Amino acid sequence: MNSLEQQITELAKAAVKALYNVDAEDSQISLQKTRPEFEGNITLVVFPFVKLARKAPAQVAAEIGEWMTKEAHIISKYNAVQGFLNLSISDAFWVDQLQGIDADDHYGRFDRPNSQMVNDQMVHPLMMVEYSSPNTNKPLHLGHVRNNLLGYSIAKIQEANGWKVVKTNIVNDRGIHICKSMLAWLKFGNGETPESSGKKGDHLIGDYYVRFDKEYKKQIAELMASGKDEETAKREAPLMLEAQEMLRKWEANDPEVRELWAKMNSWVYAGFDETYRKMGVSFDKIYYESNTYLEGKSEVEKGLASGQFYRREDGSVWADLTKDGLDEKLLLRSDGTSVYMTQDIGTAKLRFQDYPIDKMVYVVGNEQEYHFKVLSILLDRLGFPFGKELVHFSYGMVELPNGKMKSREGTVVDADDLMEKMIEDAREISKDKVNTLQGITEEEANEIARKVGLGALKYFILKVDPRKNMLFNPAESIDFNGNTGPFIQYTYARIQSVLRKAEGESTSALKGEALSLDPKELALIQRLTEYPSAVRTAGDEFSPAILCNYAYALACDFNSFYHDLSILNEPDPAKKALRLLLAKNVAKVLCSAMGLLGIEMPERM
RNA sequence: GGUCCGGUAGCUCAGCUGGAUAGAGCAACAGCCUUCUAAGCUGUGGGUCUCGGGUUCGAAUCCCGACCGGAUCACCA
């Protein structure tokens, strides 16, 4: 089906040809939605043609408008304001569009140009999306929340854009930071477990990580008091030495250390699982750094053998990236241990073994842009087809009113606490709405509060352009009114309420009926037709925010329509049928758009 | 210092492939529920789009230069 834009573009080119005998380029055809203060639905900007025509802009607009109106039945009338030609599209066209949307069960979903039919089945190119990637020494915080929500949403959006998406996670489960919490637990834990304390496993481990830091600082202070300088004190503090010793034992597969490590990590995973479940995110395949870092080492060794990398006198291994305008990059330390980059190479290797990856996407904060620039070059050199074109979906930091979150200063916003608080707030607010929520069970009420609270949180985070830093003020609660998730959920719930009451009513009265549309109805249909391009743009630009904006605009249009025009009390059966069809499809699209954001819709609220 | 990103209403953010008088929400104020859910709708006030040049019929948007803020440039991750 030709979109309206395409049809108008062809018409405009034909008009310019017929009137001025000039072949216009597609790039000269500039279309925009007509501003509400003017009559019309779509506007052609005619300035590009005024030189060719050697006439005043308004006259050119009028001439083209006259020609198009005569030639094309979908244009009902036009008006020209300066160089702007405002075109009104016929009501029949819009009704037709609405019926098309209604008939399309996959409205807003596409195939890729390189999707192929294989044995009667559509096979899509494969995109792997890595997100979350937590350390196992502390619970998830607000920064992770943004990461997880963006990662999950972008996976959904790319799926709608015709990719087969594999969601993946790389868990950073080894290293000195893990040893720190293990050591603190051994020394000060008295055998505390999640069961014995009732604490969530990840929080319990996080507490010991903090405890380590506290005791370590104490030791540093003592050493400095006895005359050592700060550098020496930090290096020689017994706790740090012990942690390093523990890491060596871990690398040497010391059974005792490994057993403790496995036990404590399992507590953390149980905690993470709970947080992920609550957040509503999931993964198709999880990788663990403890399994991939050795793979990375051997890849680096191979690169060394093939001359891609070189070894320095102290034994460390480096990649020379000066030809790419970058520096030299360390890949293996002089003691042979691996760094972050090494591990990422190993992970890529395993992933590539496991899946036919066409595109690899890393959802990681913008502080790591340099890292991914380097990784892209290295993977390319090592022969990974997706290396060169890998996407670092780089998003901005979440900042608090006084700057970044700092765990040492206790300003970290915990993910579990935050979600719980949002759900409580939603529950509190819904208590004032008893009239609309009469007769529902406690369980249903909890479920509504959960959807609404999380909806508010998710929308709040996703509506901001991912590239930008965003501000979160813990002192102010996240809104439930205005441009928010609950606003859109509310719009949906209202529609569901109407549809429940209209159950059994047919929309067939619409057939063949020539009815005239109210401007609010027309605006709604036009907005619905914009959904596919919103999905496409969100995919192209990796921006869930675009879908937030779209869903908000659609909800606004509907609420305005709903306020002015009655659906159930409309006496004209054809009009009533149209409005029901409209409401039904607005709900469908709202639900679809919010689904791509990972936000659930309540049937009532 | 090099590189990258940002600067739009009191606050949080849209708009940025150039188009009409720059938009929302929050906060403030004023209205609208015997009528499909008022988490809604309508209205009022609020702007040197950081600044200065340039390109253009037309610049918040593109180019150049300042200024301010952030990130990064580790044998950290």
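In chain A, contacts with a separation of 6 or more are dominated by distant pairs: residues 24 or more positions apart account for 73% of them. The model is predicted. The secondary structure of chain A comprises 21 helices and 16 strands. The C-alpha trace spans about 90 × 65 × 55 Å along its principal axes. Of the 605 residues, 51% count as buried.

The surface of chain A was then examined. Chain A exposes about 28700 Å². Carbon and sulfur atoms supply 48% of that area. Chain A carries 74 positive and 89 negative charges. The mean positions of the two sets are 2 Å apart.

Helix packing was examined for one pair. Two packed helices are described by the angle between their axes and by the distance between those axes. Helix α17 covers residues 485-501, and helix α21 covers residues 573-596. The two pack at an angle of about 145 degrees. Their axes lie 9 Å apart. The crossing of α17 past α21 is left-handed. On the α17 side, the contact is made by Gly-485, Ile-488, Gln-489, Thr-491, Tyr-492, Ile-495, Gln-496, Val-498 and Leu-499. On the α21 side, the contributors are Leu-580, Ala-583, Lys-584, Val-586, Ala-587, Leu-590, Cys-591 and Met-594.

Tyr-492 belongs to this contact and sits in α17. The relative accessibility of Tyr-492 is 8%, so the residue counts as buried, the cut-off being under 20%. Not counting residues up to four places away in sequence, Tyr-492 touches Ala-587, Leu-590, Cys-591, Met-601, Pro-602 and Glu-603. Among these, Ala-587, Leu-590 and Cys-591 are also listed for the α21 side of the helix contact. Tyr-492 and Gly-40 are separated by 452 residues in sequence. Their C-alpha atoms are 28 Å apart in space.

A second buried site was examined at Asn-161. Asn-161 is placed in the loop between α5 (142-160) and β8 (164-171). Its relative accessibility is 2%, and Asn-161 therefore counts as buried. Neighbours within four places in sequence aside, Asn-161 is in contact with Phe-110, Asp-111 and Arg-112. Val-535, Arg-536 and Gly-539 are also in contact with Asn-161.

Key:
Residues are numbered from 1 along each chain as its sequence is written. Chains are lettered from A and ligands numbered from 1 in the order in which they are written. This is a predicted model: local features need pLDDT of at least 70, side-chain atom pairs count only at pLDDT 80 or more; totals for chains, interfaces and linings use all residues. Side-chain values use heavy atoms; hydrogens and water are left out. Helices (H or I, at least four residues) and strands (E, at least two) are DSSP runs, numbered from the N terminus. Buried means under 20% relative accessible area, exposed over 50%, partly exposed in between (1.4 Å probe, protein chains only). Contact means heavy atoms within 4.5 Å. Accessible areas come from the Shrake-Rupley method with a 1.4 Å probe; for residues, only the protein chains shown count as cover. Lys and Arg count as positive and Asp and Glu as negative; His and the chain ends are not counted. The place of a charge is taken as NZ of Lys, CZ of Arg, CG of Asp or CD of Glu. Axes are lines fitted to C-alpha atoms, for helices over the stretch in contact, and angles run from 0 to 180 degrees between N-to-C directions. A crossing is left-handed if the near helix is turned anticlockwise from the far one by less than a right angle, and right-handed if clockwise.
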